[in-house]
Amino acid sequence: MDVRKIVVVVEDVEIARTALQWTLQNLLRYGDIITLLHIFSITRSKSKKKLRLLRLQGFQLALSFQDICNNFFNTKTEIVVTQGDQDGGKIGAMVREIGASTLVAGLHEQSFLYRLAMSHNHIASNLNCKVLAIKQPTPLMTTGTRTKTRTICFQDSSTNMDFSQIEINALSFPEVIPPKIPYQICPDRHSIIWRSRRSMVKKKLINSE
(Lines give C-alpha, C1' and ligand atoms only; values in the text may rest on other atoms or scores of the structure.)
Protein backbone atom coordinates (compact mmCIF):
# COMPACT_ATOMS: atom_id res chain seq x y z
CA MET A 1 0.00 0.00 0.00
CA ASP A 2 1.41 3.39 -1.02
CA VAL A 3 2.12 5.90 1.72
CA ARG A 4 -0.04 8.97 1.27
CA LYS A 5 0.92 12.48 2.32
CA ILE A 6 -2.01 14.45 3.68
CA VAL A 7 -1.61 18.18 4.28
CA VAL A 8 -3.87 19.77 6.90
CA VAL A 9 -3.95 23.57 7.01
CA VAL A 10 -3.30 24.92 10.52
CA GLU A 11 -5.33 28.01 11.40
CA ASP A 12 -6.40 29.47 14.72
CA VAL A 13 -10.10 28.71 14.13
CA GLU A 14 -12.17 25.88 15.57
CA ILE A 15 -13.19 24.50 12.16
CA ALA A 16 -9.50 23.91 11.34
CA ARG A 17 -9.20 21.68 14.42
CA THR A 18 -12.43 19.96 13.45
CA ALA A 19 -11.01 19.34 9.96
CA LEU A 20 -7.96 17.66 11.50
CA GLN A 21 -10.12 15.46 13.71
CA TRP A 22 -12.26 14.51 10.72
CA THR A 23 -9.11 13.60 8.79
CA LEU A 24 -7.83 11.39 11.60
CA GLN A 25 -11.16 9.60 11.97
CA ASN A 26 -12.21 9.24 8.33
CA LEU A 27 -9.28 9.66 5.96
CA LEU A 28 -6.09 8.49 7.62
CA ARG A 29 -4.76 5.01 6.85
CA TYR A 30 -1.93 3.11 8.48
CA GLY A 31 1.42 4.46 7.29
CA ASP A 32 0.06 7.80 6.01
CA ILE A 33 1.90 10.98 6.91
CA ILE A 34 0.05 14.10 8.05
CA THR A 35 1.77 17.41 7.41
CA LEU A 36 0.52 20.24 9.60
CA LEU A 37 1.04 23.33 7.44
CA HIS A 38 0.82 26.85 8.87
CA ILE A 39 1.36 29.97 6.79
CA PHE A 40 1.81 33.16 8.79
CA SER A 41 1.16 36.53 7.16
CA ILE A 42 3.78 38.54 5.34
CA THR A 43 4.66 41.59 7.38
CA ARG A 44 5.98 44.89 6.08
CA SER A 45 8.07 45.27 9.18
CA LYS A 46 11.77 44.54 8.70
CA SER A 47 12.14 43.62 12.35
CA LYS A 48 13.65 40.17 12.71
CA LYS A 49 12.27 40.00 16.25
CA LYS A 50 8.70 40.35 15.00
CA LEU A 51 9.33 37.75 12.31
CA ARG A 52 10.68 35.30 14.89
CA LEU A 53 7.66 35.97 17.10
CA LEU A 54 5.23 35.22 14.27
CA ARG A 55 7.12 32.04 13.42
CA LEU A 56 7.13 30.98 17.09
CA GLN A 57 3.39 31.62 17.46
CA GLY A 58 2.72 29.62 14.31
CA PHE A 59 4.86 26.74 15.56
CA GLN A 60 3.09 26.73 18.94
CA LEU A 61 -0.27 26.64 17.15
CA ALA A 62 0.91 23.72 15.03
CA LEU A 63 2.07 21.91 18.19
CA SER A 64 -1.45 22.19 19.60
CA PHE A 65 -2.70 20.48 16.43
CA GLN A 66 -0.04 17.81 16.85
CA ASP A 67 -1.41 17.13 20.34
CA ILE A 68 -4.71 16.19 18.68
CA CYS A 69 -2.83 13.74 16.43
CA ASN A 70 -1.08 12.19 19.44
CA ASN A 71 -4.46 10.99 20.71
CA PHE A 72 -4.58 8.61 17.73
CA PHE A 73 -2.36 5.54 17.84
CA ASN A 74 0.69 5.37 15.57
CA THR A 75 0.04 8.66 13.75
CA LYS A 76 2.98 10.06 11.79
CA THR A 77 3.07 13.85 11.70
CA GLU A 78 5.39 16.61 10.58
CA ILE A 79 5.14 20.38 11.02
CA VAL A 80 5.85 23.03 8.41
CA VAL A 81 5.67 26.70 9.39
CA THR A 82 6.56 29.34 6.83
CA GLN A 83 5.75 32.87 5.74
CA GLY A 84 3.52 33.64 2.79
CA ASP A 85 0.38 35.21 1.38
CA GLN A 86 -3.09 34.46 2.73
CA ASP A 87 -4.62 33.91 -0.73
CA GLY A 88 -3.50 30.30 -1.07
CA GLY A 89 -0.52 30.84 -3.34
CA LYS A 90 2.07 29.80 -0.74
CA ILE A 91 -0.09 26.90 0.40
CA GLY A 92 -0.31 25.68 -3.19
CA ALA A 93 3.45 25.91 -3.62
CA MET A 94 4.08 23.99 -0.38
CA VAL A 95 1.51 21.31 -1.26
CA ARG A 96 3.20 20.71 -4.60
CA GLU A 97 6.64 20.68 -2.98
CA ILE A 98 5.53 18.15 -0.36
CA GLY A 99 3.89 16.00 -3.03
CA ALA A 100 0.64 15.69 -1.11
CA SER A 101 -2.17 13.47 -2.32
CA THR A 102 -4.83 15.36 -0.34
CA LEU A 103 -5.20 18.86 1.10
CA VAL A 104 -7.66 19.27 3.98
CA ALA A 105 -8.77 22.67 5.26
CA GLY A 106 -11.49 24.03 7.49
CA LEU A 107 -13.92 26.17 5.49
CA HIS A 108 -14.88 29.50 7.05
CA GLU A 109 -15.78 33.00 5.87
CA GLN A 110 -12.17 34.13 5.48
CA SER A 111 -10.91 30.85 4.04
CA PHE A 112 -8.16 31.04 1.42
CA LEU A 113 -10.10 28.49 -0.65
CA TYR A 114 -12.62 31.12 -1.73
CA ARG A 115 -9.91 33.50 -2.93
CA LEU A 116 -8.01 30.65 -4.55
CA ALA A 117 -11.17 29.52 -6.34
CA MET A 118 -11.70 32.96 -7.83
CA SER A 119 -8.12 33.27 -9.09
CA HIS A 120 -7.69 29.76 -10.54
CA ASN A 121 -9.95 27.86 -12.90
CA HIS A 122 -9.24 24.49 -11.32
CA ILE A 123 -8.02 24.34 -7.72
CA ALA A 124 -7.40 20.60 -7.63
CA SER A 125 -5.39 20.58 -10.84
CA ASN A 126 -3.49 23.68 -9.74
CA LEU A 127 -2.52 22.00 -6.47
CA ASN A 128 -2.08 18.62 -8.14
CA CYS A 129 -4.03 16.85 -5.39
CA LYS A 130 -7.50 16.27 -4.00
CA VAL A 131 -8.90 19.17 -1.97
CA LEU A 132 -11.35 18.60 0.90
CA ALA A 133 -13.00 21.55 2.65
CA ILE A 134 -14.59 20.68 6.00
CA LYS A 135 -17.51 22.89 6.96
CA GLN A 136 -19.69 23.18 10.03
CA PRO A 137 -23.38 22.37 9.41
CA THR A 138 -25.65 25.14 8.23
CA PRO A 139 -28.56 25.56 10.66
CA LEU A 140 -31.48 25.13 8.28
CA MET A 141 -34.77 24.72 10.12
CA THR A 142 -37.29 22.31 8.62
CA THR A 143 -40.41 21.49 10.61
CA GLY A 144 -38.62 22.06 13.87
CA THR A 145 -35.56 19.92 13.11
CA ARG A 146 -32.06 20.74 11.91
CA THR A 147 -30.56 19.41 8.71
CA LYS A 148 -28.34 16.33 9.04
CA THR A 149 -24.95 15.50 7.58
CA ARG A 150 -24.58 16.06 3.87
CA THR A 151 -21.82 16.24 1.26
CA ILE A 152 -21.69 18.87 -1.48
CA CYS A 153 -19.26 18.70 -4.37
CA PHE A 154 -18.52 21.54 -6.79
CA GLN A 155 -17.11 20.43 -10.12
CA ASP A 156 -16.37 23.00 -12.86
CA SER A 157 -19.11 25.26 -11.57
CA SER A 158 -19.63 28.88 -12.54
CA THR A 159 -17.64 29.98 -9.49
CA ASN A 160 -14.82 27.49 -10.23
CA MET A 161 -15.13 26.00 -6.75
CA ASP A 162 -13.92 22.56 -7.82
CA PHE A 163 -13.24 21.20 -4.36
CA SER A 164 -15.22 18.75 -2.25
CA GLN A 165 -17.13 20.48 0.52
CA ILE A 166 -18.02 18.17 3.37
CA GLU A 167 -20.57 19.41 5.87
CA ILE A 168 -20.35 17.56 9.13
CA ASN A 169 -22.55 17.22 12.16
CA ALA A 170 -22.52 15.18 15.33
CA LEU A 171 -24.65 12.07 15.32
CA SER A 172 -27.90 12.54 17.16
CA PHE A 173 -30.32 9.87 18.24
CA PRO A 174 -34.02 10.39 18.92
CA GLU A 175 -35.09 10.05 22.51
CA VAL A 176 -36.61 6.64 23.08
CA ILE A 177 -39.36 6.64 25.69
CA PRO A 178 -39.88 3.18 27.19
CA PRO A 179 -43.44 1.90 26.91
CA LYS A 180 -45.58 2.09 30.01
CA ILE A 181 -46.29 -1.29 31.57
CA PRO A 182 -49.57 -1.30 33.55
CA TYR A 183 -49.07 -2.37 37.13
CA GLN A 184 -51.00 -5.56 37.91
CA ILE A 185 -52.22 -5.80 41.48
CA CYS A 186 -53.38 -9.35 40.95
CA PRO A 187 -51.26 -10.96 38.19
CA ASP A 188 -52.58 -14.50 38.83
CA ARG A 189 -55.74 -14.92 40.86
CA HIS A 190 -55.49 -18.74 40.80
CA SER A 191 -52.24 -18.70 42.77
CA ILE A 192 -53.90 -16.54 45.40
CA ILE A 193 -56.82 -18.94 45.67
CA TRP A 194 -54.38 -21.84 45.96
CA ARG A 195 -52.44 -20.07 48.69
CA SER A 196 -55.70 -19.23 50.48
CA ARG A 197 -56.82 -22.84 50.42
CA ARG A 198 -53.42 -24.02 51.65
CA SER A 199 -53.52 -21.59 54.57
CA MET A 200 -57.05 -22.75 55.43
CA VAL A 201 -55.95 -26.40 55.46
CA LYS A 202 -53.01 -25.49 57.69
CA LYS A 203 -55.34 -23.73 60.12
CA LYS A 204 -57.66 -26.76 60.27
CA LEU A 205 -54.71 -29.06 61.10
CA ILE A 206 -53.60 -26.76 63.90
CA ASN A 207 -57.12 -26.60 65.35
CA SER A 208 -57.51 -30.38 65.19
CA GLU A 209 -54.31 -30.83 67.18
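This report covers selected loops, helices, cysteines and the largest pocket of one predicted model.

Residues are numbered from 1 along each chain as its sequence is written, and side-chain values use heavy atoms, with hydrogens and water left out. Because the model is predicted, local features need pLDDT of at least 70 and side-chain atom pairs count only at pLDDT 80 or more, while totals for chains, interfaces and linings use all residues.

**Positive phi in loops**

Most residues other than glycine have a negative phi. Asn74 has a positive phi, near 60°. Asn128 also has a positive phi, near 60°. Helices (H or I, at least four residues) and strands (E, at least two) are DSSP runs, numbered from the N terminus. Relative accessible area sets the exposure class: buried is under 20%, exposed is over 50%, and partly exposed lies in between (1.4 Å probe, protein chains only).

| Residue | Loop between | Relative accessible area |
|---|---|---|
| Asn74 | helix H2 (48-70) and strand S3 (76-84) | 40%, partly exposed |
| Asn128 | helix H5 (123-127) and strand S5 (130-135) | 62%, exposed |

**Helices H1 and H3**

Gln21 sits in helix H1 (residues 14-26). Gln21 is partly exposed, at 36% relative accessibility. Its C-alpha lies 9.4 Å from that of Phe65, with the two positions 44 residues apart in sequence numbering.

Helix H3 spans residues 89-98, and Ile91, Gly92, Met94, Val95 and Ile98 are buried there. Seen down the axis of H3, these buried residues fall within an arc of 165°, so they line one face of the helix. The arc is that of the directions from the helix axis to the C-beta atoms. Gly99 follows H3, with a positive phi near 80°.

**Cysteines**

Cys69 is buried, at 1% relative accessible area. Cys129 is buried too, at 7%. The disulfide count is zero, where a disulfide is a pair of cysteine sulfur atoms within 2.5 Å.

**The largest pocket**

A pocket is an open set of points on a 1 Å grid over the protein atoms alone, where a 1.4 Å probe fits, with protein on both sides within 12 Å along at least five of seven lines; lining residues have an atom within 4 Å of a point. The largest pocket holds about 240 Å³, the space filled by probe spheres set on the points. Its lining has 19 residues, with Val10, Glu11, His38, Ile39 and Gln86 nearest the centre. Strand S2 (33-41) and helix H4 (112-119) are the elements that give two or more residues to this lining. S2 gives the largest share, five residues.
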